[in-house]
Amino acid sequence: MSGEVTHIRLTAWVHGRVQGVGFRWWTRSRALELGLVGSAGNLADGRVEVVAEGVREHCERLLAALRSGESPGSVDHVVERWSPAKGGLQGFVER
């Protein structure tokens, strides 16, 4: 047993009324609580793109929070993509 923790990357596109309502700030707060690094940024089409790297369980918890209905605004649905962590990220920023 190596004890090595594998990190993963979650990319999530959040659809709904999620711009101009504090959604990115809320997402950043949840991500930092979970020890994740990455970003939450507005897209031109009204979605928010969330990129988070860290332990898979923590990324899954962030994804569940995005879908929970407890965020500011109104989330219609979330599209997710999982991939290997790329690294090179520091902190969690709003874009």
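Start by selecting R24 in this predicted model: at 23% relative accessibility, R24 counts as partly exposed, because buried would need under 20%. You'll find R24 in helix α1. Now show what surrounds it. Leaving out residues up to four places away in sequence, R24 touches A40, G41, N42, V48, E94 and R95.

Pick N42 from that list next. N42 sits in strand β2, residues 37-42, and is partly exposed too, with a relative accessible area of 33%. Turn on side chains, and you can draw a polar contact between the side chains of N42 and R24, at 3.5 Å. Beyond four places in sequence, N42 is in contact with Q19, R24, R47, V48 and R95.

Why keep this pair selected? An unreviewed UniProt entry carries the annotation "active site" for R24 and N42. They span 19 residues in sequence, yet their C-alpha atoms are no more than 8.1 Å apart, so they gather at one spot.

Hop to V48 now. With neighbours within four places set aside, V48 is in contact with R24 and N42, and also with A12, W13, V14, V18, Q19, F23, A40 and G41.

From V48, move into the largest nonpolar core, which has 21 residues. Select A12, V14, L36, V48, V50, L62 and L66: these touch the most other members. Then colour the elements that give two or more residues to this core: β1 (7-17), α1 (23-33), β3 (48-55) and α2 (56-67). Which of them gives the most? That's α2, with five residues.

Technical notes
Residues numbered from 1 in each chain as written. Predicted model: local features only at pLDDT ≥ 70, side-chain atom pairs only at ≥ 80, totals over all residues. Heavy atoms only, no water. Core = buried A, V, L, I, M, F, W, Y, C linked by side-chain atoms within 4.5 Å. Buried < 20%, exposed > 50% of the residue type's maximum accessible area, 1.4 Å probe, protein only. Helix = DSSP H or I, 4+ residues; strand = E, 2+ residues; numbered from the N terminus. Contact = heavy atoms within 4.5 Å. UniProt positions renumbered as here; feature names shortened; annotations may be inferred. Polar contact = N/O pair within 3.5 Å; in protein donor to acceptor, adjacent residues only side chain to side chain.
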